Amino acid sequence: MVREALARRRISRQTLAVQAQISLSTLEKALAGRRPFTLATTIRLEEALGQSLRRDPGRTAPAPEPPPHAPDELGSYSREGVAWIEGRYLTLRPSFGTAGAIFAYRTEIAWDAGLSRLVFREAERMDAPFAQSGSVAVPSQSGMIYLVTNWHGQHRLAVLCRPNIQGEMYGILTTLHAGRGTQLTPAATPLALIPERTADLAYGRIAPQEPGHARYRAYLDRVREDGYAVFFTDVS
C-alpha cells in the first residue's frame with residue numbers, strides 16, 4: 001500500500017520519510033521486509049499520505065469465490081454440464097454375505113458449491129457404519145462417470161456408464177470385502193443406479209423369495225446382458 005501510494009503521488013521515498021518524520025533507513029528496511037512497521041511509524045505514514053494503512057478490525061476480507069468448474073482431476077466440468085446427474089438413486093449390487101440376495105440402498109448425488117464439484121453419499125444402508133461418500137468425476141474423454149471415495153488413501157471406485165433414456169446408470173463397483181477376522185479382500189461386482197421415482201422401494205438385503213427381488217435382479221442382469229460392463233475370469 002505504501003509503494004502504491006508513492007507511485008500514485010509520484011514522490012520519492014526520501015520525500016515521504018521527511019513528511020512522516022521518520023528516517024529513510026527505517027522506511028527502506030520496512031519496505032524491503034527486513035523489519036516490520038511499528039504502530040508509531042504506521043500512524044506517521046498515514047498522516048503523511050492522508051490514507052489508512054491498517055485493516056479495519058471490524059471488517060473481514062471477503063471469502064474468495066469458489067472456482068466455476070470442478071478440479072481437473074474430476075473432469076473440469078461445470079454444474080450446468082452435469083446437472084442431469086443430480087438426484088436420488090436406488091442402488092443395487094449382489095450381497096457379499098448371502099448367496100442370491102441383492103443389497104439395496106440409496107445413493108444421493110448433488111452439487112457442493114463450496115467444493116465446486118458433484119458429491120455423492122450413501123443412505124438407507126443396513127450396515128450404516130460402512131456407508132460411503134466422496135466426489136464424482138465426469139471426464140469427457142471416456143464418457144464414464146466415477147464415484148470416488150478416498151479415505152486416508154483407501155480407495156473405493158464405482159465406474160458407471162452415462163445414464164440411459166430412463167436415467168439409469170450401470171457399471172462396476174470395486175471395493176474391499178470383509179472376510180474372516182480383520183482380513184480384507186479386493187472385490188468387484190455389478191452395480192446399478194436407478195432413479196427413485198416411486199415410494200414403494202425396499203432397502204437392505206433382499207432375499208430371492210422376497211417381493212421385489214425379481215425386479216431388482218432384472219436390473220442387475222442388464223449390466224452383463226446389455227454390455228454395460230465386461231467381467232474377465234480367465235486370464236491365461
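The exchange below goes through the overall form, the open and enclosed spaces and the charged pairs of a predicted model.

Visitor: How many helices and strands are there in the protein, and is the protein a compact globule or more spread out?

Guide: The predicted model holds 6 helices and 9 strands, and its C-alpha trace spans about 90 × 45 × 40 Å along the principal axes. For 236 residues the globule rule gives 18 Å, whereas the radius of gyration is 30 Å, well over that figure, so the protein is more spread out than a compact globule.

Visitor: What percentage of the contacts with a separation of 6 or more comes from residues 24 or more positions apart?

Guide: Buried residues make up 35% of the 236 residues in the protein. Turning to contacts with a separation of 6 or more, the share that falls to residues 24 or more positions apart is 46%.

Visitor: Which element gives the largest share of the lining of the largest pocket?

Guide: The largest pocket holds about 700 Å³ of space and is lined by 26 residues, with R125, F130, Q132, T175 and L176 nearest its centre. Two or more lining residues come from each of β2 (102-112), β5 (144-151), β6 (154-161) and β7 (169-178). The largest share, 5 residues, is given by β7.

Visitor: How do the residues lining the largest pocket divide into nonpolar, polar and charged?

Guide: The lining of this pocket is made up of 26 residues, and R125 and F130 are among those nearest the centre. By class, the lining residues divide into 11 nonpolar, 10 polar and 5 charged.

Visitor: Which elements give two or more residues to the lining of the second largest pocket?

Guide: In the second largest pocket there is about 150 Å³ of space, and the residues that line it are M1, V2, R3, L31, F37, T42, L45, L53 and R54. Sorted by class, that lining has 6 nonpolar, 1 polar and 2 charged residues. The elements that supply two or more of the lining residues are α1 (2-9) and α4 (39-49).

Visitor: How many residues of each class, nonpolar, polar and charged, are in the lining of the largest cavity?

Guide: A search of the whole structure finds 1 cavity of 30 Å³ or more, and the space in the largest cavity comes to about 50 Å³. Its lining consists of T91, Y105, T107, F120, E122, L147, R156, A158, L173, L191 and L193, with at least two residues supplied by each of β2, β3 (117-123), β6 and β8 (184-195). By class, the lining has 7 nonpolar, 2 polar and 2 charged residues.

Visitor: Which helices hold E28 and R13, whose side chains meet in a salt bridge?

Guide: The side chains of E28 and R13 meet with an N to O distance of 2.7 Å. E28 counts as partly exposed because its relative accessibility is 29%, which falls between the 20% limit for buried and the 50% limit for exposed, and R13, at 31%, is likewise partly exposed. The two residues are 15 residues apart and link distant parts of the chain, E28 lying in helix α3 (residues 24-31) and R13 in helix α2 (residues 13-20).

Visitor: Is the salt-bridge partner of E122, R125, buried or exposed?

Guide: E122 forms a salt bridge with R125, and the closest N and O atoms are 2.7 Å apart. E122 also belongs to the lining of the largest cavity, while R125 is one of the residues nearest the centre of the largest pocket. As for accessibility, E122 is buried, and R125 is also buried.

Visitor: Which residues are joined into one network by salt bridges that share partners?

Guide: The whole structure contains 13 salt bridges. One of them pairs R79 with E86 at 3.2 Å, N to O; R79 is partly exposed at 40%, and E86 is partly exposed at 24%. The residues joined into one network through shared partners are R88, R106, E108, R121, E124 and E196.

Visitor: With which residues is H213 in contact, leaving aside its neighbours within four places in sequence?

Guide: H213 is found in helix α6 (residues 213-225). With a relative accessibility of 9%, H213 is under the 20% cut-off and therefore counts as buried. Leaving aside neighbours within four places in sequence, the contacts of H213 are G100, A101, I102, I206, A207 and P208.

Methods:
Residues numbered from 1 in each chain as written. Predicted model: local features only at pLDDT ≥ 70, side-chain atom pairs only at ≥ 80, totals over all residues. Heavy atoms only, no water. 1 Å grid on protein atoms, 1.4 Å probe; cavity = no way out; pocket = protein on both sides within 12 Å on 5 of 7 lines; lining within 4 Å. Points joined across faces, edges and corners; volume = space filled by probe spheres on them. Helix = DSSP H or I, 4+ residues; strand = E, 2+ residues; numbered from the N terminus. Nonpolar A, V, L, I, M, F, W, Y, C, P; charged D, E, K, R; others polar. Salt bridge = Lys/Arg side-chain N within 4 Å of Asp/Glu carboxyl O. Buried < 20%, exposed > 50% of the residue type's maximum accessible area, 1.4 Å probe, protein only. Rg over C-alpha atoms; globule rule 2.2 N^0.38 Å. Contact = heavy atoms within 4.5 Å.
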